[in-house]
Amino acid sequence: MTSEPSARTAEPAAYAERLHAPWWMWPAAAGLAGLLATEIWMGSDGLRAWVPFVALLPLSMVLPWWLGRIRVAVTATEFQVDDARLPISAIADAVALDADGRREVLGVGSHPLAFVIQRPWIKGAVQVVLDDPADPTPFWVVSTRQPVELATALLAARRTA
């Protein structure tokens with residue numbers, strides 16, 4: 001895994017997905033912010049009473065957007081998850097996981113050095129087993145809505161590399 005962000009290139013992605021927040025998170029965040037603003041509003045009067053509404057309601061829209069910013073992509077040379085980059089040559093295997101498989105991999109027996117990008121509202125995931133003796137990370141676990149397609153794209157990129 002490289003720590004520096006790679007230069008943006010026009011290289012087409014074999015697979016691309018954004019792990020956006022589900023639709024129900026937007027009204028839930030607005031409702032919780034409205035409830036909190038109302039509680040604060042009830043304790044004060046005048047201009048101070050409206051400041052929580054002006055501040056909290058727009059801020060409540062930032063949270064679902066921020067949680068859904070993660071981008072997963074497979075190109076011919078690397079596997080990109082948000083700002084983390086993994087060269088395709090370091091991939092030994094890719095395993096598609098359903099909800100039960102993800103729970104098992106991330107459960108009590110999980111490896112403490114594993115790289116995990118997990119979103120609880122996404123049921124599927126892919127476990128990417130690494131073959132890099134210089135890297136102590138044994139595998140990556142990445143949430144995805146299409147685990148079979150992502151695993152297939154990773155394995156196809158590995159075969160062509």
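Is arginine 69 buried, exposed or partly exposed? Select arginine 69 and look at its surroundings: at 28% relative accessibility, this arginine counts as partly exposed. Keep in mind as you click around that this is a predicted model.

**Stop 1: the arginine 69 pair**

With arginine 69 still selected, add aspartate 82. The two form a salt bridge, and their closest N and O atoms are 3.8 Å apart. Arginine 69 lies in the loop between helix 2 (51–67) and strand 2, while aspartate 82 lies in the loop between strand 3 and strand 4, so the pair ties together parts that are 13 residues apart in sequence. Aspartate 82 is partly exposed too, with a relative accessible area of 28%. Check its backbone while you're there: phi of aspartate 82 is near 55°, a positive value in a residue other than glycine.

**Stop 2: arginine 119**

Now select arginine 119, in the loop between strand 6 (115–117) and strand 7 (125–130). Arginine 119 is buried yet has no salt bridge. The nearest side chain of opposite charge belongs to aspartate 82, the residue you just left, and it is 6.6 Å away. What does the side chain of arginine 119 reach at 3.2 Å? Show the backbone of leucine 67 and you'll find it: the backbone oxygen of that residue. Leaving aside neighbours within four places in sequence, the contacts of arginine 119 are Leu19, Leu67, Arg69, Ile70, Arg102 and Ser143.

**Stop 3: the other salt bridges**

The structure holds three salt bridges. For another one, pick arginine 85 and glutamate 78, whose side chains meet at 3.6 Å, N to O. Both arginine 85 and glutamate 78 are buried.

Then move to helix 3 (residues 99–105), where you'll find arginine 103 and aspartate 100, three residues apart, about one turn of the helix. Their side chains meet in a salt bridge at 2.8 Å, N to O. Arginine 103 is exposed, with a relative accessible area of 54%.

**Stop 4: the nonpolar core**

Hide the charged side chains and select Val74, Phe79, Val128, Trp140 and Leu154. Of the 27 residues in the largest nonpolar core, these touch the most other members. The elements that give two or more residues to this core include strand 2 (71–74), strand 3 (78–81), strand 5 (91–97) and helix 4 (147–160). Which element gives the largest share? Helix 4 does, with six residues.

Zoom in on leucine 154 next. Beyond its neighbours within four places in sequence, leucine 154 is in contact with Val74, Phe79, Ile88, Ile91, Ala94, Val126 and Val128. Apart from this core lies another, of six residues, among them Leu97, Val105, Ala114 and Val141.

**Stop 5: strand 8 and its partners**

Select strand 8 (139–143). Five of its five residues are buried. Phe139, Val141 and Ser143 point one way, Trp140 and Val142 point the other way, and all are buried.

Add the strands that pair with it. Strand 6 pairs with strand 8 in the parallel sense over three bridges, and isoleucine 117 stands opposite valine 142 in strand 8. Strand 7 and strand 8 run antiparallel and are joined by five bridges; look for alanine 125 opposite serine 143.

While you have strand 7 up, click on glutamine 127, which lies in that strand. At 15% relative accessibility, glutamine 127 counts as buried. Not counting residues up to four places away in sequence, glutamine 127 touches Asp93, Ala94, Val95, Leu97, Val105, Phe139, Trp140 and Val141.

**Stop 6: strand 1 and helix 1**

Go back towards the start of the chain and select strand 1 (residues 15–18). Its side chains alternate: Tyr15 and Glu17 point to one face and are buried, whereas Ala16 and Arg18 point to the other and are not. Strand 1 runs antiparallel to strand 2, and four bridges join them. Alanine 16 stands opposite alanine 73 in strand 2.

For a last click, select glycine 31 in helix 1 (residues 25–41). At 41% relative accessibility, glycine 31 counts as partly exposed. Draw a distance from its C-alpha atom to that of isoleucine 91: these two residues are 60 apart along the chain, and the atoms are separated by 43 Å.

How values were computed
Residues numbered from 1 in each chain as written. Predicted model: local features only at pLDDT ≥ 70, side-chain atom pairs only at ≥ 80, totals over all residues. Heavy atoms only, no water. Buried < 20%, exposed > 50% of the residue type's maximum accessible area, 1.4 Å probe, protein only. Lys, Arg positive; Asp, Glu negative; His and termini not counted. Salt bridge = Lys/Arg side-chain N within 4 Å of Asp/Glu carboxyl O. Polar contact = N/O pair within 3.5 Å; in protein donor to acceptor, adjacent residues only side chain to side chain. Contact = heavy atoms within 4.5 Å. Core = buried A, V, L, I, M, F, W, Y, C linked by side-chain atoms within 4.5 Å. Pairing = 2+ DSSP bridges.
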